[in-house]
Each structure stands twice: as structure tokens, then as C-alpha cells.
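Here is a set of short exercises to work through with the structure open beside you. Try each task before you read its solution.

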Amino acid sequence: MDKQIKEPEVLVIGAGPAGLTAGIYAARSKLDTLILEDELVGGQIRDARFIENFPGFNRISGVELADHMREQSISAGVELDEFDSILSLNLTDDEKIIETARFIYRPQALIIAAGMRRKKLPIPEEKQFHGNGIHYCELCDGHLYEGKEIAVIGGGGAAVGAAIALTKFATKVTIIHRSNSFRADKKDQDALFNNPKIEVIWSTKVVGAVGDKILHALVLEMADSSRRKITVDGAFVYIGSSPRTEMYVRDLKLDSYGNIIAGESCETNIPGVFVAGDVRTKSVRQLTTAVSDGTVAAIMAEQYINNLRRGKLYGKSVYN
Ligand SMILES: Cc1cc2nc3c(=O)[nH]c(=O)nc-3n(C[C@H](O)[C@H](O)[C@H](O)COP(=O)(O)OP(=O)(O)OC[C@H]3O[C@@H](n4cnc5c(N)ncnc54)[C@H](O)[C@@H]3O)c2cc1C
């Protein structure tokens, strides 16, 4: 059966904070706006226990903030297509065609707000124990470890926050960090060091995992290259993220980390294709910078569409 063709004026890829903000602005400008999301609406903040630095809320859970943003985008008039995966893209100056499992989209302007995805633990046994002892989301899987001993791998804000949150369930949480200091907020570090259930193993890498059907132990490599095993019931991994840009390599210019190159105007190398949020090349990745990009990208997309209409009216190309 032929796939249905949808022709929104603006298509946004990704319903994280950047994409939802772009959607709100575009829809409020009376542009027919559709957001495509292949997972849960909300993006990375769904994994945040509490957010305390987003203006307007002293303290709000990530899931609650994501739900507010979703509701606001829908009431602004955004259409949301969820749980659908992109199969192919063809992005040129004249045409933007995005094919998913269910639809073919032909928008006038495209905003890519695809964000970041967690890095997998780089050990040979990752696949074997993924979901059976190795986890990436304490909010989703922490409750499985009531009364157990677990490890948290990583040293940034996400790792420190998760370790603290997991002490609600586990009797002991061991943080394994390859460096000798944390990159988390000072306030969170203080909470961690004052928590009697948490122990830290510094300057150490996880190089393997042992178990039968489920994880029983991690193999550690210490700073002096010696190895040892620690017994754990589960491990939660927070070792960074990488941009979800594999599918744009052919058409768009990316930096050496795989982020889509664009300046503050969020314009990419293809007219009519804009990028917003963590996936854009930039130095600060936060909620506030993501929603800022979403705003700019939507306004630039509107200008592009207006120029396109004017060009069509007077028979000119958009950039003449
Ligand atoms: C645990 C944690 C805690 C955090 N805490 C804070 C905090 O307290 N304060 C703060 O300012 N920041 C925090 N951050 C960072 C913040 O969440 C990000 O900066 C922000 O979410 C970036 O928004 P984004 O929309 O650019 O990307 P994302 O949030 O990554 O959203 C991108 C969305 O695009 C979707 N997507 C990607 N590719 C496709 C595709 N091909 N098709 C369809 N959909 C696609 C993804 O599924 C995702 O929903 C935290 C991050 C984490 C992980």
C-alpha cells in the first residue's frame, strides 16, 4: 500500500525541549507544524530526577516539565507523530523529503532537533547484560535493585544525580569513575559525599562484565593497569552522550564530534534546513540553550517560508 504523503509547512525532527519550543513558535505563527518523534516525547529531560535551573520552576521533575511542554505544543496547534522511525532523507535546496515507516513528509522547512543519545558501555559483554544488569535509566529501572548492591559508572552530573537517587533502593552504591574528580554541581557532590551508602572508586575503568544470564560482577582496570573484580547486582551507566546525526552525514556539514554545524541563526548548509538544541555545534548544552535554539530556528524557518512564497509570487529564487 502506498504511504500517505504529509506536507506540513514546518517539520520538526525530535520532540525534546528544542523541538517542542520550535513547534510552539511555528504553530503560533500559524504555520502548519508537525513534530516527528521516534521515542517518548520530552527527550533527555525525561531522565532528569529534578530540574532546578529552568526559569519559572524552583524545582520540577524532568517528566513533569516534559509533559508541560508537550501539552503546550499541542494546545498551540502542533501535530505530533510519535513512535515512527525515519527510513530515509533527501535534503536539497529545492526539496526536503523524509520517509518514515508510516509516512512520506514533504515539508517546506525542516528543523532538526534530534538531541543526544547516551553512549553505551564499551565492553564486549554490554549486549549480553543490557537490561539484565546493565542499565541506562535509574528512573526506569532503579526499583529493580531494592535491597541490592549496585555500581554507577561515570562522573558527570547525570552519574552523581543517579547515584544519589539509587540509594533510595540499593543498600550500597559504588561509583566507578575514570578520572579523579567529578564534573557535577558542587551541591550534588556535597550530597553524594555525605551519603553513607555511596562509595567512590577513582581513576578506574570498567573493562568487562561477568555473570550467567544476569550480571554478577564488573571487571575493573585500576590506574596502575592492575585488574580486579567487584561483585554487584546491577550497574547504571552515565559516560556521556553523542549526537543523533548518523543519517545527516551525506547532506549536512557536521563537526568532528558529529554535531550539525550552524551558527546562532541555526541555519545549516542547506537552505530551509535548520538545527536546534544539543545537536547543533555549540559549547553549552542545557535546557535554556535548547529552548533558545528552538525559538530562533522556528523564526528563521518562518522567514524562509515567507521568502519562498514571495519568490514564487514574483518568479524568483529564494536567495536572489
Ligand atoms: C539525566 C539528565 C539530567 C539533565 N538535567 C538538566 C538540568 O537539570 N538542567 C538543564 O538545563 N539541562 C539538563 N540536562 C540536559 C538537557 O536535558 C538537554 O540539554 C536538553 O534536553 C536538550 O534538548 P534537545 O531538545 O536539544 O535534545 P533532546 O532532549 O536530546 O531531545 C531530542 C529528541 O529528538 C528525538 N529524536 C532524535 N532523532 C530522531 C529521529 N530520527 N526521529 C524522531 N525523533 C528523533 C529523541 O528521541 C529526543 O526525544 C540533563 C540531561 C540529562 C540526560
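**Exercise 1.** In this predicted model, find the residue that follows H2 and give the sign of its phi.

*Solution.* Step one: go to the end of H2, where Gly77 comes next. Step two: read its backbone angle; the phi of Gly77 is positive, near 115 degrees.

**Exercise 2.** Check the span of H2 against its number of residues, then work out how its buried residues are arranged.

*Solution.* Begin with the span. H2 covers residues 62-76, which makes 15 residues. From first C-alpha to last it reaches 21 Å, close to the 21 Å expected at 1.5 Å a residue.

Next, list the buried residues of H2: Gly62, Leu65, Ala66, Met69, Arg70 and Ser73. Their arc around the axis is only 140 degrees, which puts them on the same side of H2. A general rule helps here: an α-helix has 3.6 residues a turn, so residues three or four places apart point the same way.

Now look at the face turned away from the buried side, where the exposed residues Glu71 and Ser75 are found. Finally, ask what covers the buried residues of H2: the cover includes helix H1 (17-28) and strand E3 (33-37).

**Exercise 3.** Decide how far H1 is enclosed, and compare its span with the expected one.

*Solution.* Take the span first. The 12 residues of H1 should span 16 Å at 1.5 Å a residue, and the end C-alpha atoms are 16 Å apart, which agrees.

Then turn to burial. In H1, 11 of the 12 residues are buried, so this helix is largely enclosed by the rest of the structure. Among the buried ones are Pro17, Leu20, Ile24 and Tyr25. To finish, step past the helix: Lys30 follows H1 and has a positive phi, near 65 degrees.

**Exercise 4.** Is Ala15 buried or exposed, and which residues does it touch?

*Solution.* Locate Ala15 in the loop between strand E2 (10-13) and H1. Count its neighbours: Ala15 has 29 C-beta neighbours inside 10 Å, and the cut-off for a buried residue is 20 or more, so Ala15 counts as buried.

Leaving out residues up to four places away in sequence, the contacts of Ala15 are Leu20, Ile35, Glu37, Val41, Gly42, Gly43 and Leu80. For a sense of scale, the C-alpha atoms of Ala15 and Arg49 are separated by 19 Å, with their places 34 residues apart along the chain.

**Exercise 5.** Describe the surroundings of the ligand.

*Solution.* Start with the count: 32 residues surround the ligand, and the closest are Gly14, Gly16, Gly43, Gly115 and Gly277. Next, assign them to elements; H1, E3 and helix H7 (287-314) each give two or more residues to this shell. Last, sort the shell by class, which yields 15 nonpolar, 10 polar and seven charged residues.

**Exercise 6.** Which strands stand at the edges of the five-stranded open sheet?

*Solution.* Write down the order, E10-E17-E11-E12-E13, with parallel pairing. Strand E10 (134-135) and strand E13 (198-201) each have a single partner strand, so one side of each is left without a neighbour in the sheet. Further in, E11 (residues 149-153) and E12 (residues 172-176) pair in the parallel sense over five bridges. Within this pair, Ile153 stands opposite Ile176 in E12.

Terms used:
Residues numbered from 1 in each chain as written. Predicted model: local features only at pLDDT ≥ 70, side-chain atom pairs only at ≥ 80, totals over all residues. Helix = DSSP H or I, 4+ residues; strand = E, 2+ residues; numbered from the N terminus. Expected span 1.5 Å × (residues − 1). Arc of directions from axis to C-beta. Contact = placed C-beta atoms within 7 Å. Near = placed C-beta within 6 Å. Nonpolar A, V, L, I, M, F, W, Y, C, P; charged D, E, K, R; others polar. Pairing = 2+ DSSP bridges.
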